[in-house]
Amino acid sequence: TSVKPENEQPKDDVTSVYMTQMDKVRELKDSIEVISSRLDDLRQDLAFSNDAGERFSLSEDIMELERDIPGLQMKLEEAKVELQKIEYEFLKKGIFINRNSAEEQSVVEEQAQEYVFKKLSHGEDLHLNMYEPENDI
């Protein structure tokens, strides 16, 4: 099992595309988190503001940021779907993605275990002694 260092060039185009897509997913998640944090701050400011003009301005800012979130979430979902497609292609090739490593971009390549199929005998033919019930009627 080998872990790909960050500074090493990807072995193929699929790995490069995967890394790019993973970066895109991270960027979208970060953007949503930044906007959510900013919304929390604006809502807190709105709650403590007594100035009508400032409250109106804060409300406008909040609504504008809230309008941005669904679009970003849709882009994130689309990016995740594309990432899953790439991961599926990796799995078909026997390459496994290590998402739990310290470096989230690391790709662990493991060849799928070779399975040897051989005809196995189930043993001797099964013989059952069958008895007919006695009629006591």
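**View 1. Tyrosine 18 and its aromatic partner in the predicted model.** Tyrosine 18 has a relative accessible area of 1% and is therefore buried, a term that stands for under 20% relative accessible area, with exposed meaning over 50% and partly exposed in between (1.4 Å probe, protein chains only). Phenylalanine 90, likewise at 1% relative accessibility, counts as buried. Rings of Phe, Tyr and Trp (its six-membered ring) are taken to pair if their centres lie within 6.5 Å, with planes under 30 degrees apart called stacked, those over 60 edge-to-face and the rest tilted. By this rule the count comes to one aromatic pair: the ring centres of tyrosine 18 and phenylalanine 90 are 5.5 Å apart and their planes stand at 70°, so the pair is edge-to-face. The pair links distant parts of the chain, since tyrosine 18 belongs to helix H1 and phenylalanine 90 to helix H2, 72 residues apart.

The model is a predicted one, in which local features need pLDDT of at least 70 and side-chain atom pairs count only at pLDDT 80 or more, while totals for chains, interfaces and linings use all residues. Residues are numbered from 1 along each chain as its sequence is written, and side-chain values use heavy atoms, with hydrogens and water left out.

**View 2. The crossing of helices H1 and H2.** Two packed helices are described by the angle between their axes and the distance between the axes. Here the axes of helix H1 (residues 13-48) and helix H2 (residues 52-93) come within 8 Å and cross at roughly 160°, the axes being lines fitted to C-alpha atoms, for helices over the stretch in contact, with angles from 0 to 180 degrees between N-to-C directions. That crossing makes H1 roughly antiparallel to H2, on a scale where angles under 35 degrees count as roughly parallel, over 145 as roughly antiparallel, 65 to 115 as roughly perpendicular and the rest as oblique. H1 passes H2 in a left-handed crossing, that is, with the near helix turned anticlockwise from the far one by less than a right angle (clockwise would be right-handed). The residues of the contact of H1 with H2 divide into 22 nonpolar, six polar and 14 charged.

**View 3. Arginine 55 in helix H2.** Arginine 55 is placed in helix H2 and, with a relative accessible area of 35%, is partly exposed. Leaving aside neighbours within four places in sequence, arginine 55 is in contact (heavy atoms within 4.5 Å) with Leu46, Ala47, Ser49 and Asn50. Its C-alpha atom is separated by 8.4 Å from that of aspartate 45, 10 residues apart along the chain.

**View 4. Leucine 65 and glutamine 73 in helix H2.** Leucine 65, also in helix H2, has a relative accessible area of 18% and is therefore buried. Not counting residues up to four places away in sequence, leucine 65 touches Ile35, Arg38, Leu39 and Leu42, and its C-alpha atom is separated by 8.5 Å from that of serine 36, 29 residues apart along the chain. Glutamine 73 lies in helix H2 and is partly exposed, with a relative accessible area of 40%; the C-alpha atoms of glutamine 73 and lysine 29, 44 residues apart along the chain, are separated by 8.4 Å.

**View 5. The setting of these close-ups.** The secondary structure of the protein comes to two helices and three strands, which run β-α-α-β-β from the N terminus on; helices (H or I, at least four residues) and strands (E, at least two) are DSSP runs, numbered from the N terminus. Of the 137 residues, 23% count as buried.

Key
Nonpolar A, V, L, I, M, F, W, Y, C, P; charged D, E, K, R; others polar.
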